[in-house]
Amino acid sequence: MRRFLLLYATQRGQAKAIAEEISKKAGEHGFFADLHCLSESDKYDLKTETDPLVVVISTTGTGDPPDTAIKFVKKIRDKTLPPDFFSHLRYGLLGLGDSEYTYFCNGGKIVDKRLQELGAQHFYKTGHADDCVGLELVVEPWIDGLWTALNKHFVSSKGKADMTSDFSTTSNISFQTDLVKPEVLPIESQIALLKLDDSGKKVSEASTQNITNVLSGSLIEDSEPSLTQSIPPLSQSALNIPALPPEYLDVQFQEPLGQEQCQVSFTPMDTVFQVPISKAIRLTKEDAIKTTLLLELDISNTTFSYQPGDSFSIICPNDASEVQELLQRLQLSEKREHCILLKIKENNKKKGAAIPQHVPERVSLQFLLTWCLEIRAIPKKAFLRALVEYTSDSTEKRRLQELCSKQGASDYNHFIRDSYVSLLDLLHAFPTCRPPLSLLLEHLPKLRARPYSCASSCLFHPGKLHFAFNIVEFLSSVEPVTLRKGICTGWLAVMVNSVLQGNGNVSQGNDVEASFPEISIFPHTTNSFRLPNDPSVPIIMIGPGTGIAPFIGFLQHRFRLHSGGP
């Protein structure tokens, strides 16, 4: 097979998931993807790389490359490198970002620009995927076009004359100007044109029409589509659905643990601190539309340090009631205290199958769903495709197929992505869908720690760290409609509720520190979001994405520098 080097740099796992999807599809198109994280510099060498390079990279913070790309970016920014250092390199890059932030896809743009400055040339046009409108709107056609671009590269680089009618026969291709545009490429993805009955077999177009009529009942022209129901033309269309993701995990249960692990493990680079909440202030009135809280953390007995402009992350659990509801829906309530043991299935078809790193060993099912898995994650199309196989009702099965199909992209965006539908919502909406626990572990991502801006200065509040937040509240989009709160903000609000006074005044700990709960945090430093070194330099503060919280720390810091003393 023809090899290409596939590198990814991720902050929250999206770039990795997309790179793994590319790797999985590569074999179907006659390629081998040599997949590595950008931080694994010992496993690849761009200086001597002769095969094409594909990079998938996200953006974090205020436009920075992800943590896994920092060393790579520092290395290629070396000003002593000659302008032809990467002149041998041909590459394609897919950047991920969010247009709600000022520096959209900046992580990818930084790498893209520097590679070109060092002589590397595109064999495929750069893609910029926007999480604000849906990454898949760019990601899917970009991946579809990648195979044609790779084919073109390999044929032209070897000087072959037997090129297909889709490709130019010119041997001296200019990789910089003759770019392959994803939006005009023929789609060569290996997804089957399927219409499935209950047994999962192909059915004829005539049978498909009959099934569609049965599923929709009497067709009502003015009916509205919903999560569980489509309307023509989608309801009567043949569907291109993704290939079924191979299952690769085997789950076993052991008797309840004597003593359960109580802390999620983090990578060695993350220093986690257990700190008490020493103060809680309600910043808004009782009748305010939003409730805003300011919390103070006591970091005096730790080595935690920060500067104005820094942020930190809080390790938080899923909502206890949602975990319980999910256990009931999976019919696993009686096994919630059982220990989970994972193994890789023998003879599985997933390339590089491995136990997810975010699933610790020897923890209970309750702990796993509470602290390890993002059970509110918006299900990706691959997950929907997998759920089809565990849905018995033909109407529900068809609708799940529509939602993961190319023809149903608009419905997916509207009823899944934009509505923040979770797995629990799907299980309510499709009652005959009964997935095994192993499927959840294969598709649900890691429960992320939630980032917050430091809203204080250590000069103004020695040994303390302040942060402020709105308690996020929203209604679920699926019956039964329930009021939900943000995973972290809702959890924090419950913890400090007993120490908040009803009139919104400060409630501080007395001599009994035990009345204030502890939370786990770890720092995120920044090199760019800083006050000028000269305290006399005027500043204009604009916070389109961060709000005003970090500027509180800026003002406190400036005040203390001008006034002097603690």
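Which residues point one way from β4, and which the other way? Arg90, Gly92, Leu94 and Leu96 point one way from the strand, Tyr91, Leu93, Gly95 and Gly97 point the other way, and all are buried. The model discussed here is a predicted one. This briefing covers strands β4 and β10 with their partners, helix α14, the second largest pocket, and several loop residues, including two prolines that follow cis peptide bonds.

**Strand β4 and its partner**

- Strand β4 spans residues 90–97 and is mostly covered, with eight of its eight residues buried.
- In a regular strand, side chains alternate between the two faces of the sheet.
- In β4, the set made up of Arg90, Gly92, Leu94 and Leu96 points one way, and the set made up of Tyr91, Leu93, Gly95 and Gly97 points the other.
- Strand β3 (residues 53–57) runs parallel to β4, and five bridges join the two.
- Within β4, Gly95 is the residue that stands opposite Ile57.

**Strand β10 and its two partners**

- Strand β10 covers residues 273–282 and is mostly covered, since nine of its 10 residues are buried.
- Strand β19 (residues 518–524) pairs with β10 in the antiparallel sense over four bridges.
- Ser520 in β19 is the bridge partner of Gln274.
- Strand β11 (residues 292–298) is also antiparallel to β10, and five bridges join them.
- Glu296 in β11 is the bridge partner of Lys279.

**Helix α14**

- Helix α14 consists of 15 residues, 549–563.
- From its first C-alpha to its last, α14 reaches 22 Å, which is close to the 21 Å expected at 1.5 Å a residue.
- The buried residues of α14 are Ala549, Pro550, Phe551, Gly553, Phe554, Gln556, His557, Arg558 and Arg560.
- An α-helix has 3.6 residues a turn, so residues three or four places apart point the same way.
- The buried residues of α14 pack against β14 (450–453).

**The second largest pocket**

- The second largest pocket holds about 360 Å³ of space.
- Two or more lining residues come from each of α6 (320–329), α11 (423–429), β17 (483–485) and α13 (487–496).
- Its lining comprises 25 residues, and Asp319, Ala320, Ser321, Glu322 and Arg376 lie nearest the centre of the pocket.
- By class, this lining has nine nonpolar, eight polar and eight charged residues.

**Cis peptide bonds**

- Pro232 and Pro233 are joined by a cis peptide bond with omega of about 5 degrees.
- Pro233 is located in the loop between α5 (205–216) and β8 (239–240).
- A cis peptide bond also runs from Glu479 to Pro480, where omega is near -5 degrees.
- Pro480 is located in the loop between β16 (473–475) and β17.

**Positive phi outside glycine**

- Arg362 is not a glycine, yet its phi is positive, near 50 degrees.
- The loop between β13 (338–344) and α7 (365–372) contains Arg362.
- Arg362 counts as partly exposed because its relative accessibility is 47%, between the limits of 20% and 50%.
- Tyr420, likewise a residue other than glycine, has a positive phi of about 55 degrees.
- The loop between α10 (409–417) and α11 contains Tyr420.
- Tyr420 counts as exposed because its relative accessibility of 59% is over 50%.

**Ser476 and its surroundings**

- Ser476 is placed in the loop between β16 and β17, and the loop between these strands also holds Pro480.
- Ser476 counts as buried because its relative accessibility of 6% is under 20%.
- Leaving aside neighbours within four places in sequence, Ser476 is in contact with Asp425, Val481, Thr482 and Arg484.
- Ser476 and Tyr420 lie 56 residues apart in sequence, and their C-alpha atoms are 8.4 Å apart in space.

**Glu389 and Arg434**

- Glu389 is found in the loop between α8 (381–388) and α9 (394–404).
- Glu389 counts as partly exposed because its relative accessibility is 38%, between 20% and 50%.
- Glu389 and Arg434 are 45 residues apart along the chain, and 9.3 Å separates their C-alpha atoms.

Methods
Residues are numbered from 1 along each chain as its sequence is written. This is a predicted model: local features need pLDDT of at least 70, side-chain atom pairs count only at pLDDT 80 or more; totals for chains, interfaces and linings use all residues. Side-chain values use heavy atoms; hydrogens and water are left out. On a 1 Å grid over the protein atoms alone, a cavity is a set of points where a 1.4 Å probe fits but cannot get out, and a pocket is an open set with protein on both sides within 12 Å along at least five of seven lines; lining residues have an atom within 4 Å of a point. Grid points are joined across faces, edges and corners, and a volume is the space filled by probe spheres set on the points. Ala, Val, Leu, Ile, Met, Phe, Trp, Tyr, Cys and Pro count as nonpolar, Asp, Glu, Lys and Arg as charged, and the others, Gly among them, as polar. The expected span of a helix is 1.5 Å times one less than its number of residues. Buried means under 20% relative accessible area, exposed over 50%, partly exposed in between (1.4 Å probe, protein chains only). Contact means heavy atoms within 4.5 Å. Two strands pair if DSSP finds at least two bridges between them.
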